[in-house]
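Biologist: I am new to this structure and should like to understand how its parts pack together. May I put some questions to you once it is displayed?

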Amino acid sequence: MDYSLQQRTELIIAECMKTSSTNPYEIFNIIAHKDFVSTHGPEHHVLDGACILTAFYNAGGVVELDAALQKLMSEGLKMPGAVCGLWGVCGAVMSIGAALAIIDGSGPLSTEDWGSHMEYTSQALTRLAKIGGPRCCKRDAFSSMELAIGYIKKRYGITLDMPHIKCDFASKNAECIGERCPYNI
């Protein structure tokens, strides 16, 4: 079936609402293997942050999950595809940064929490820049989630589960960097 971006993100949100996992990678891996998630695509601008929000909520984090996921979907749908190469900002990082802003309830006029998410996003972008390209929405999601887990533990005192990640999407990615990827099987 050919899904619109709106349909894909709605299906992502529905899948998140079904899980009780506190492991964002596990949530991601289950959803990313669904037929409505492409190897590369702007649905990751919702998927990646949604996995963090869902795991955070399931681990006892205080957030109204349905409303938070709807807000994230609204924000994520504003991010065009290919921002990594065209704008220099990865959609996975933006998605998780948006999720963290939703947790804090921060916005452009906030004072106390205004810059905290920028610390996370700057570190995540630096990490991705060191790995290099070309694009890989899965690799960028894994790296961004790993860093977010430490940030969430330090900032909110919430522990999210995270296994050692080994990518099993390489065969679907014509641009896979193979041995240069830290998640190469």
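Biologist: Leaving aside its neighbours within four places in sequence, which residues is phenylalanine 28 in contact with?

Modeller: This is a predicted model, and contact here means heavy atoms within 4.5 Å. With neighbours within four places in sequence left aside, phenylalanine 28 is in contact with His44, Leu47, Asp48, Cys51, Lys138, Ala141, Phe142, Met145 and Phe169.

Biologist: Is helix H2 largely enclosed or not, and which elements do its buried residues pack against?

Modeller: Helix H2 covers residues 24–32, and its buried residues are Pro24, Tyr25, Ile27, Phe28, Asn29, Ile31 and Ala32. Because seven of its nine residues are buried, H2 is largely enclosed by the rest of the structure. The elements that its buried residues pack against are H1, H3 and H8.

Biologist: Which residues have the most contacts inside the largest nonpolar core?

Modeller: That core has 53 residues. Helices that each supply at least two residues of this core include H1, H2, H3 and H8. The residues with the most contacts inside the core are Ile12, Phe28, Leu53 and Phe142.

Biologist: How are H3 and H4 oriented, roughly parallel or roughly antiparallel?

Modeller: The axes of H3 (residues 44–58) and H4 (residues 65–76) come within 9 Å and cross at roughly 160 degrees. Angles over 145 degrees count as roughly antiparallel, so H3 is, relative to H4, roughly antiparallel.

Biologist: How many residues of the contact of H3 with H4 are nonpolar, polar and charged?

Modeller: On the H3 side, the residues that meet H4 include Val46, Ala50 and Leu53, and on the H4 side they include Leu69 and Leu72. The residues of this contact divide into nine nonpolar, four polar and no charged.

Terms used:
Residues are numbered from 1 along each chain as its sequence is written. This is a predicted model: local features need pLDDT of at least 70, side-chain atom pairs count only at pLDDT 80 or more; totals for chains, interfaces and linings use all residues. Side-chain values use heavy atoms; hydrogens and water are left out. Axes are lines fitted to C-alpha atoms, for helices over the stretch in contact, and angles run from 0 to 180 degrees between N-to-C directions. Helices (H or I, at least four residues) and strands (E, at least two) are DSSP runs, numbered from the N terminus. Angles under 35 degrees count as roughly parallel, over 145 as roughly antiparallel, 65 to 115 as roughly perpendicular and the rest as oblique. Ala, Val, Leu, Ile, Met, Phe, Trp, Tyr, Cys and Pro count as nonpolar, Asp, Glu, Lys and Arg as charged, and the others, Gly among them, as polar. A nonpolar core is a set of buried Ala, Val, Leu, Ile, Met, Phe, Trp, Tyr and Cys residues joined through side-chain atoms within 4.5 Å. Buried means under 20% relative accessible area, exposed over 50%, partly exposed in between (1.4 Å probe, protein chains only).
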